[in-house]
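Got a two-minute break at the bench? Let's put some structural labels to the test and see what stands behind them.

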2 protein chains.
Amino acid sequence: MEKTEKLEEKTLSTKELYHGRIINLRLDDVELPDGNKSKREFVEHPGGAAILAIDGDDMWLVRQFRYPYKEVIEEIPAGKLEKGEEAIVTAKRELQEETGYDCDEIQPFGMIYPTPGYTNEHLYIFLAKGLKKRAMHLDDDEFISAYKRPLKAVLADILAGKIKDGKTCYAVQKYCLTHGILPE
Amino acid sequence: MEKTEKLEEKTLSTKELYHGRIINLRLDDVELPDGNKSKREFVEHPGGAAILAIDGDDMWLVRQFRYPYKEVIEEIPAGKLEKGEEAIVTAKRELQEETGYDCDEIQPFGMIYPTPGYTNEHLYIFLAKGLKKRAMHLDDDEFISAYKRPLKAVLADILAGKIKDGKTCYAVQKYCLTHGILPE
């Protein structure tokens with residue numbers, strides 16, 4: 001397959017159509033690699049942090065109602081970055097807020113672009129171990145059920161399509177691949 | 001961890017703030033599980049389809065400029081569902097448009113919610129084998145470089161954080177886990 005040399009698009013003008021509580025919407029005029037013009041609509045997002053909290057053979061999950069899908073889904077604890085906040089700080093805060101547990105060890109475990117066609121979200125994943133009980137502090141508009149499940153059962157649910165959250169699939173699959181854990 | 005019984009939110013009113021070429025933006029008034037009111041802003045998306053095209057020990061990738069990140073990234077071929085289109089039709093079309101190859105075998109290989117906090121996108125993944133050369137037909141505003149790479153090299157790049165696209169990480173990691181392929 002012959003490769004196209006030039007792929008970059010040039011911004012000609014940018015406009016904020018909506019400034020929201022969490023996301024903004026922008027519509028830009030761009031110049032395509034061939035010199036033609038087009039428009040690009042995309043979401044500006046402050047960035048997210050999620051945490052894979054391992055506790056022996058178990059890991060922490062939360063169940064919450066995700067309004068865009070009108071559905072309660074299972075995910076690893078996560079939240080959006082506050083202004084100027086480092087992702088690792090967000091991850092530790094969300095772990096404690098959503099599960100009531102703190103951790104002794106935390107390390108970066110990857111970063112993904114969740115759906116690069118229309119959002120600029122950077123989604124940072126962290127791996128936490130050495131969990132210690134603290135207290136839960138959910139946001140006023142946050143209703144979450146948190147619990148531990150065996151990692152291998154979560155992997156089985158991911159491979160069976162029962163767990164659909166992208167960051168949860170990414171983090172658990174990566175952990176299993178890098179720790180020699182194959183499905184039974 | 002005690003579980004919250006009630007997690008669902010009720011829609012009180014819904015408003016379309018923006019109707020775009022690919023995405024729409026909605027702002028809804030909701031009633032929270034405790035009876036309080038809040039607002040939910042989210043993106044309406046027609047759904048996407050991506051295809052993991054396996055060719056012996058290789059797989060197909062495309063490089064394209066993703067405007068929200070102002071960056072050329074590596075991904076599996078993908079595109080958005082046209083109105084009323086089945087995801088498998090989208091996947092086959094995008095494979096041929098972006099790589100110039102058709103496939104003998106195609107099967108569903110999972111569906112993810114890429115970032116459930118603010119989009120309702122359903123992202124369907126398909127697994128293709130038995131690839132046959134056809135012709136490329138990119139959209140007018142689509143500039144893509146397509147090529148094959150060894151699957152194991154792609155997995156290594158995913159685990160090293162060099163490949164950041166969420167659907168690509170999900171599909172390749174799932175394929176490796178379900179085919180007993182661990183990183184070297």
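The questions below go from the chain interface to single residues and cores.

This is a predicted model, where local features need pLDDT of at least 70, side-chain atom pairs count only at pLDDT 80 or more, and totals for chains, interfaces and linings use all residues. Residues are numbered from 1 along each chain as its sequence is written, chains are lettered from A and ligands numbered from 1 in the order in which they are written, and side-chain values use heavy atoms, with hydrogens and water left out.

Q: How do you know that chain B and chain A are in contact?
A: Contact means heavy atoms within 4.5 Å. By that rule, 83 residues of chain B are in contact with 83 residues of chain A. The buried area (accessible area, 1.4 Å probe, that two parts lose on being put together, summed over both) is about 7100 Å², with 65% of it from carbon and sulfur atoms.

Q: What makes A:Asp141 and B:Arg40 a salt bridge?
A: The label takes a side-chain nitrogen of Lys or Arg within 4 Å of a carboxyl oxygen of Asp or Glu. Here the closest N and O atoms are 3.2 Å apart, so the pair fits. The rule finds two salt bridges across this interface.

Q: Why is the pair B:Asp141 and A:Arg40 said to join two chains?
A: B:Asp141 sits in the loop between strand 9 (123-133) and strand 10 of chain B, while A:Arg40 is in strand 3 (residues 37-44) of chain A, so the link runs from one chain to the other. Strands (E, at least two residues) and helices (H or I, at least four) are DSSP runs, numbered from the N terminus. The closest N and O atoms of this salt bridge are 3.2 Å apart.

Q: Why is A:Arg40 called buried?
A: Buried means under 20% relative accessible area, exposed over 50%, and partly exposed in between (1.4 Å probe, protein chains only). A:Arg40 has 13%, so the label is buried. Its partner B:Asp141, at 18%, counts as buried too.

Q: What makes A:Glu85 buried or exposed, and how about A:Arg93?
A: A:Glu85 comes out at 17%, so A:Glu85 is buried. A:Arg93 has 22%, so A:Arg93 is partly exposed. Their side chains meet in a salt bridge at 2.1 Å, N to O. Salt bridges that share partners join A:Lys80, A:Glu82, A:Glu85, A:Arg93, A:Glu94 and A:Glu97 into one network. A:Glu85 itself is in the loop between strand 7 (78-80) and helix 1 (87-99) of chain A.

Q: Why does A:Gln107 count as partly exposed?
A: Its relative accessibility is 41%, which falls between the two cut-offs, so partly exposed is the label. A:Gln107 belongs to strand 8 (residues 101-112) of chain A. Leaving out residues up to four places away in sequence, A:Gln107 touches A:Ile125, A:Phe126 and A:Leu127.

Q: What makes a nonpolar core, and which residues touch the most other members of the largest one?
A: A nonpolar core is a set of buried Ala, Val, Leu, Ile, Met, Phe, Trp, Tyr and Cys residues joined through side-chain atoms within 4.5 Å. The largest has 54 residues, and A:Leu52, A:Met59, A:Val172, B:Leu52, B:Met59 and B:Val172 touch the most other members. Apart from it lies another core of 17 residues, including A:Ala53 and A:Leu81.
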